[in-house]
Amino acid sequence: MTPFSRRPDRTEGATWERTGHRYRAPLLIRQFPPEVPFGFLGRALPTTETIDLSLEAHRLAPDRALQVLQNARAVAEAELATGGEGTQASELEIERASAEELGREVARRTQELWKVGIRFVTRGSSRPRVEALRARLGERLSKFGFRTRIPRYEVEETLRTVDLSAATSRPLGYWQTLPTDALAALFPFGDETVLEPRGVLVGLALSDASPVFLDRWSHSSHSWGIFGTTGSGKTFATALTLLRTRWMHPDLQLTVLDPLGEFGAFVRALGGSVVPLADGQTGRLNPLDPVTTGGDRREKAARVGAMLRSLFPSLRDDELAVLDSAVTRLYEAGPDAPTFNDLQREVLSGRTGDPRLATLLEVFRTGSLQNLNGPTTLRLGEEPVSVDFRGVTDEQLPFHLTYVLDWAYGRLRSRAGPKLLVIDEAHLLARHAATEEVLERIVRHLRHFNAGMLVLTQNPDDFLERASGRSLLRNLYATAFLRLPEVSRATREFFGLTAAEAEWLPKARLPRDAGYSESLWRIGPFHLPLALVASTPEYEFLVGTLGQPGAGSH
Ligand SMILES: Nc1ncnc2c1ncn2[C@@H]1O[C@H](COP(=O)(O)OP(=O)(O)OP(=O)(O)O)[C@@H](O)[C@H]1O
Ligand SMILES: [Mg+2]
């Protein structure tokens, strides 16, 4: 310090501090809400106001954490025993239960406890200004369920600089004990900066329009799920992602399973071809050809079993057993590429030859599926390829989807380079346990071939009923929720959505109202509310092609 320097003139009021012409007014948190909404700080601290936030976090050793939780639980129990009443009793009960639950999580090391110091300080050039800013901040925080506290005659202790040992004495409300989840929710901007090099633009953060880029190829699973009610923009978001992925990876190979024929013109406009599955003129895909599993005949037998189960859901257990053993024999000893004639022969030749089963299989000889009976003759046109299932009856859709999925998988595994497989209306495969298992296994294996899947469906609940569906969902690296009419408890718990997120999803704005889709993305550990926005050329291309039938222009 030179002899001429002077400390700036500093004054401390009861609840504010002035240094020179600068005023500062601190605010502390007296009580946290039971649940901290995701990203709330981003919304509590608008970029238009000068507010400092300081946050320090010190981890408690596990033993100490368990002790703190045991004490909290004991205190709540003692107070409950002495007769807390009404709301107080229910708050105590929540405290007791959450201390117990957290205790288990800390013991399992899935959460930790942190001593967290939090302080907000509004800044400005006049006292009324900083006090008004602070009042508004307090109101915003109270909307999120926080109770705040203005430190009175404690301004200096509040504003003291952070020291690394956490030993500084601080006013009431500065220190909080929080579990890892709550601490993570306090990071205001951390979750809006997913910027993966070589990624594609997924969307813009709803809070501050910061862009989010994801590189699916850099994660262990390259597959994503997109869920949302009809009209929420799933098809559009998918096609947008495909365009952007092709720009980054011009060698991308793309296959679309398109039950409603929405991608036809899009795929043609990219120079690709459409397979109109039900038109009766397109060449045949033999569902029994084991080329799709790279010659793995056991895997092929399992898939054939699954597709037949979805086609004949009324089969009894004894009939299924006969069918399974016929399919097994077919792949153990049958021709290289069996046909349905061979399968029917196997069914009839079994020791317990089953006439009802043989009659059902007549559908492949003389009935509506007879063009599937024979070797593969389909000659594909240019990439990308979409398979249009329009014209297939509703009951037969899961069957057709399953063998086309099996075929698409075969294509993916036999080629080098990055590949994407889109499956729209994926719930059709969740109708039957067996086809859901096929889908699950395929999603799990795709990563080994540098391939990923985009699974589109209206309601995530479709996949929550069975273990195979849940495993499928766990194997999606990113899941996007567009507007959902309601968020079931099962969905909320499975995806770890907060109450605020679950309440928001039914209100997410629809593209027909907003001009873009609002969505919540679950990307690894992050939950990001994003706007899915297309540039003008992207928009024009997509609106001009999506939803247009692609057939008729071979
Ligand atoms: N991000 C977006 N920006 C602009 N327009 C969009 C966007 N997303 C969707 N749209 C428009 O909204 C409409 C509905 O979108 P889309 O068909 O993708 O919904 P969907 O979720 O696939 O519905 P469904 O379940 O009925 O297939 C379309 O007209 C589409 O052009
Ligand atoms: Mg759609």
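Modeller: A polar contact is a pair of N or O atoms within 3.5 Å. Keep that cut-off in mind. This model is predicted.

Biologist: How far from an oxygen atom of ligand 1 does a backbone N or O atom of G233 lie?

Modeller: The distance for G233 is 2.9 Å. Now take S232. One of its backbone N or O atoms is 3.3 Å from an oxygen atom of ligand 1. Q458 uses its side chain: a polar atom there lies 3.5 Å from a ligand 1 oxygen. On its own, ligand 1 has 630 Å² of accessible area, and the protein covers 77% of that.

Biologist: Which elements give two or more residues to the shell around ligand 1?

Modeller: Helices α7 and α20 (536-545) do. The largest share, three residues, comes from α7. Ligand 1 has 17 residues around it, and those that come nearest are T230, G231, K234, T235 and F236. As for its place, ligand 1 sits in the second largest pocket.

Biologist: Next, the metal. What are the protein donors of the magnesium ion?

Modeller: T235 donates through OG1 and E262 through OE. They lie 2.0 to 2.8 Å from the ion, which is ligand 2. This pair links distant parts of the chain, 27 residues apart. T235 is in helix α7 (residues 234-248). E262 is in the loop between β11 (253-258) and α8 (264-269).

Biologist: Is T235 buried or exposed?

Modeller: Buried means under 20% relative accessible area. T235 has 13%, so it counts as buried.

Biologist: And what is the relative accessible area of E262?

Modeller: It is 24%, so E262 is partly exposed.

Methods:
Residues numbered from 1 in each chain as written. Chains lettered and ligands numbered in written order. Predicted model: local features only at pLDDT ≥ 70, side-chain atom pairs only at ≥ 80, totals over all residues. Heavy atoms only, no water. Donors = N, O, S within 2.8 Å, 3.2 Å for Na, K, Ca; no water. Helix = DSSP H or I, 4+ residues; strand = E, 2+ residues; numbered from the N terminus. Buried < 20%, exposed > 50% of the residue type's maximum accessible area, 1.4 Å probe, protein only. Near = heavy atom within 4 Å. Polar contact = N/O pair within 3.5 Å; in protein donor to acceptor, adjacent residues only side chain to side chain. Areas by Shrake-Rupley, 256 points an atom, 1.4 Å probe, with all protein chains shown as cover. 1 Å grid on protein atoms, 1.4 Å probe; cavity = no way out; pocket = protein on both sides within 12 Å on 5 of 7 lines; lining within 4 Å. Sits in = over half its atoms within 2 Å of the grid points.
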